[in-house]
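Student: Could you walk me through the fold shown here, one piece at a time?

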Amino acid sequence: MLAAVRRASPYLFELGGGLLLLAAVNVLLRPSDPGFLDVHPNPALLVVAAVACRRGQRAGVVGGLAAAAAVGACVVARMDEPSWSALRSLQHYATPLVLLGTGFGLGAIRESQLRQARALESRVAALEQELAEQAVRFMAATEAKHELERRVADERASLSSLYAAARALETLDAERLYPAIALTARRLLQADACQCYVLEGERLRLRAAEGAPPARADLAPAEGLLGLAIRLGRPVSVRDHALITSLEDLRAAGTLMAAPMVGAEGALLGCVTVTSLPFLRLTPASLDRLGLVADWGARTLENARAHEAAQARTIEDELVRAYTYAYYQRRIHEEEVRADRYGRPLAVVIFRIHRFEAVAAERRAELGRVLSMVFSRTLRDVDIVCRYATEDSFAIILPETSPGRAEAVVERLSHEIRNFHFTPYGDATEDLEFSARVLAVRERPGGVAS
C-alpha cells in the first residue's frame, strides 16, 4: 500500500521530508522561536517553492497549505492567551498567506511548463511514427526500383531461359526431372530460392534446390506451410496464416510458398517450395504460377516413374513380377546412398532355388506363379523383388528394414513356401528346395555390403 501511495503522490514524501528537516533545524538552532516566526522570509518558503517547482500546481497548493497550517499552529502556540480579537489580527496571517501564494504561483508556472513539455513529447512521438512509416514506404520504393531494374536487365533472357527450363521437364529420367522442376519454378516466379521435395516413405526428402539451400532436407508432410498446402490440396503462401507487412517480416519467414505435387489418382508425389522471393512478388499471380509448375511437375514425374517401371521389367520376368538384374544394380546403389544420407536401415534378402536345372520346363511357369503369390503375400508394397546374378536366384530389397527384421521376413517367406508343398522336381515327393539369407549391412557409411 505504501508503494502505491508513493507512486500516486511522490511529492507528499518530498514535502513531508522537507518540513521534518526544517522542524529539526528549528529545534536545534532556534528552540525559542518555533516555526521561525521571527525570521523573514520564513524558511518554509524554500520547501514550498522546491516542491512547487518540481511537481507542479497541485503539489504547490498542497505544500503551501501544509506549511501555512504548520506556521499558523506555531502562531497560535506562541499566544499567551489566545482570543478572538487576537486571532483576527492580519499580521498573524501574513506568513501563511505568503506560503500559500508562493505554492500556488510557482506551481501554476511549473504546471504550464509541464503541459508544454507533454505536448512537445506527444508531437515528437507523432513525428517518429510518421518517420517510421516514411522509412517503410522508402524501403518498398527501393525494392520496386530494384525489381524494375532487374526486369529490364532480364527481359531478353527470360523467355529463352523459361523455354529451356520447360524443355528440361520433358525428360523421362526422374533424377534429371527434380532439378528441372526447381529451376522452372525459380525462373517462372523470378524467385531467389526454390526447392523440390519428393515423398519417400512417410517423409518428404529434398531432391533438388535452386538458389540458397534450405535449412532442412527432411520434412514431415503435416509440417508448417507445406503441411497446410498438402491438407488443402492447393498452393498456399505465408500470407495465408501470417501477417507480412515489411521486408523484415519476409526475411524472418521460413517457407514463403508451397504447392503439392499430386498424381492423377490423388496420391501425393512431393512438393515445390519457395524460400526466398522479392517482396513485391509475394502475390496471388505468383502463387498461381507455382501451382502450374507443381501440376506440370507431378504429371511429368508420374510419366517418368511409369516409364522407369516399364523399362525395368522384361517379358520373361512378368510372371514373377520381378525387376531385372540391371535394375537391381542401379536401385541398390540409390538405396545405399539414401540410407547413408539419412541414417536409415536397409537390408537385402537373397533367395535362391536349389537344383533349378532339375525343374522341368513345363513346371517353371507354375513355379513362377507360386513365387509371385508368396512374394505378394509376404512382402510390403515398398519392397523390391529383382532377378539376381543367376537364373535361379532373386534379390529382395527391403527399405527401412534392419537386419533383425529382415530375418523375420525370411522366416515368413520360408514358412509360406513350405505350406504350398510345391513339388517341381521329377520325384513328386520332393518339395521345393531353396535358401534365403540376409546380406550384411555395414555399421558405418557405405550401405549394404557387396
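**Sheet and helix packing**

Tutor: Happily! There is an open sheet of six strands, antiparallel in its pairing, in the order 3-2-1-6-5-4. Strands (E, at least two residues) and helices (H or I, at least four) are DSSP runs numbered from the N terminus, and two strands pair if DSSP finds at least two bridges between them. This is a predicted model, where local features need pLDDT of at least 70, side-chain atom pairs count only at pLDDT 80 or more, and totals for chains, interfaces and linings use all residues. Residues are numbered from 1 along each chain as its sequence is written, and side-chain values use heavy atoms, without hydrogens and water.

Student: Which strands stand at the edges of the sheet?

Tutor: Look for strands with a single partner strand, since one side of each is then left without a neighbour in the sheet. Those are strand 3 (218-219) and strand 4 (236-237).

Student: Over how many bridges do strand 1 and strand 2 pair?

Tutor: Strand 1 covers residues 193-200 and strand 2 residues 203-210. Within them, Gln195 stands opposite Ala209. The two strands pair in the antiparallel sense, and the number of bridges is seven.

Student: Is Gln113 buried or exposed?

Tutor: Gln113 is found in helix 6 (residues 94-168). Buried means under 20% relative accessible area and exposed over 50%, with partly exposed in between (1.4 Å probe, protein chains only). At 43%, Gln113 is therefore partly exposed.
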